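Please walk through this structure with a view to how its helices pack, within a chain and between chains.

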Amino acid sequence: MEGANAISTGKVSQDDLYRDAAHQYGAAIERLAGAYEADPEKRRDLSQDIHFQLWRSFARYRAQCSLRTWVYRVAHHVAASHVLRERKIFSRLATLEQIEKLPDRNDGQTGADQRRNLERLSLLIQQLKPLDRQVIVSYLEDLDAVSIGEITGLSPGNVAMKIHRIKNILKQRFHEGGGDAE
Amino acid sequence: MRSDSSGNDTRKLWQEQRTEIPEMTLEKIQQKTQELRAKTRRELTKSIAGPVIVAAVCAFGLRFPNIAVRAALMVAIAWSIAGQYFFRRGMWSAMPPGDAAQSTSLQSYRKEIERRRSLFGRVILWLFGPAVLAVGVLIAILVKLGTGPRGLPLEGALRNMAPFLILIVVWVVSFFAIRMRQQRELQREIEELDASERTQRG
């Protein structure tokens, strides 16, 4: 509570807030950048952009929401803008509903090779439209449905429906049992 | 990857992937600020392409005593100058990160799409429009010169100009075709967001 009070009274500096966020969510930001950009060079640029915009955003942080929600909102916004800028043809991106109906081209090829499975998972995420990407990335980061709703602005029912679809897709493609995020 | 009781699932696989966290020191952030400024300058330089075409055509066209030609070129100059103001003014309306953090992703994503869609309209109206008008006037001048008292008949002049005219037509058509396709994609994305929001309300 002391931290929140310090923030609301403006005692915590923008630099301190950024350092704290980068320390806590640095790895998650990297994974998020990987979900939005396949090219390693561009991914590094995107990640740096997210960090930079995050630092800028903290000039206006007054504990309106949790630090995690703030970080994810900025990160997803920068990453979605990146997709809009880079990807001219959105119709080639799919929704969770469309992906769910598509047959798995690697059917039967799943195995213990973690690197390959991770590549397939990243590829699957990169095919998705930005909003659905946010939901699946948040789900994979172990965020619960309420937090996902808070970040994305989707209703709890909509988030639950999307998580259900995500689980189906992961089950089909990775033979995954999976626990509940809701 | 089979799910098992140890929880070795996709989420674990995702969270345990190797990541290289960039060390973003405050010096690096300052460097990034400078890069952003340089990038903005580059964007502004690109927007000067239209006025450069207008200026080049005017430098050539204003030598001709024809009132209609001069009037059209003056309109192109005024349009182009106004365009620089209106186009640049719109360039700064990107959502600041502080606002994005206070909006949900759905809201900030929609705003970003709408911003990109309106950017297209501004490019057409304020950059492409004056350039096309100036090029049109240039073609009219060239045709007039080619069909003068000692020149060729209209058909012959147009035949001589065919490569240039084809190039212009290809430029205009391809510019519109590409931009219109992007515009349709953005519109479709907005419609999908509308549908998603309707579903949420329902």
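The paragraphs below take up a helix pair, then a covered helix, and then the contact between the chains. The model is a predicted one, and everything said here should be read with that in mind.

A convenient place to begin is chain A, where helix H2 (residues 14–36) and helix H3 (residues 40–57) pack at an angle of about 150°, their axes lying 9 Å apart. Because angles over 145 degrees count as roughly antiparallel, H2(A) and H3(A) are to be described as roughly antiparallel to each other. The crossing by which H2(A) passes H3(A) is right-handed. On the side of H2(A), the contact is made by Gln14(A), Tyr18(A), Ala21(A), Ala22(A), Ile29(A), Glu30(A), Ala33(A), Gly34(A) and Tyr36(A), while H3(A) contributes Arg43(A), Leu46(A), Ser47(A), Ile50(A), His51(A), Leu54(A) and Trp55(A). By class, the residues of this contact between H2(A) and H3(A) comprise ten nonpolar, four polar and two charged. In reading such lists it helps to recall that an α-helix has 3.6 residues a turn, so residues three or four places apart point the same way.

Further along chain A, helix H8 (residues 145–152) is mostly covered, with six of its eight residues buried. The buried residues of H8(A) are Ala145(A), Ile148(A), Gly149(A), Glu150(A), Ile151(A) and Thr152(A). They pack against helix H4 (67–86), helix H7 (130–140) and helix H9 (156–174) of chain A, together with helix H6 (105–146) of chain B. Just after H8(A) comes Gly153(A), which takes a positive phi of about 90°.

Among these partners of H8(A), H7(A) and H6(B) also pack on each other, at an angle of about 155° and with their axes 10 Å apart. H7(A) and H6(B) are therefore roughly antiparallel to each other, and their crossing is right-handed. Here Pro130(A), Leu131(A) and Gln134(A) of H7(A) meet Ser105(B), Leu106(B) and Tyr109(B) of H6(B). That contact has four nonpolar and two polar residues, and no charged ones.

What remains is the contact of chain A with chain B as a whole, which takes 54 residues from chain A and 38 residues from chain B. On the side of chain A that touches chain B, at least two residues each are supplied by H2, H3, H4, helix H6 (114–126), H7, H8 and H9 of chain A. H3(A) gives the most to that side, with ten residues. The residues of the side of chain A that touches chain B divide into 21 nonpolar, 22 polar and eleven charged.

Technical notes. Residues are numbered from 1 along each chain as its sequence is written. Chains are lettered from A and ligands numbered from 1 in the order in which they are written. This is a predicted model: local features need pLDDT of at least 70, side-chain atom pairs count only at pLDDT 80 or more; totals for chains, interfaces and linings use all residues. Axes are lines fitted to C-alpha atoms, for helices over the stretch in contact, and angles run from 0 to 180 degrees between N-to-C directions. Helices (H or I, at least four residues) and strands (E, at least two) are DSSP runs, numbered from the N terminus. Angles under 35 degrees count as roughly parallel, over 145 as roughly antiparallel, 65 to 115 as roughly perpendicular and the rest as oblique. A crossing is left-handed if the near helix is turned anticlockwise from the far one by less than a right angle, and right-handed if clockwise. Two residues are in contact if their C-beta atoms, placed from the backbone, lie within 7 Å. Ala, Val, Leu, Ile, Met, Phe, Trp, Tyr, Cys and Pro count as nonpolar, Asp, Glu, Lys and Arg as charged, and the others, Gly among them, as polar. A residue is buried if 20 or more other C-beta atoms lie within 10 Å of its own, exposed if 12 or fewer, and partly exposed in between; C-beta atoms are placed from the backbone.
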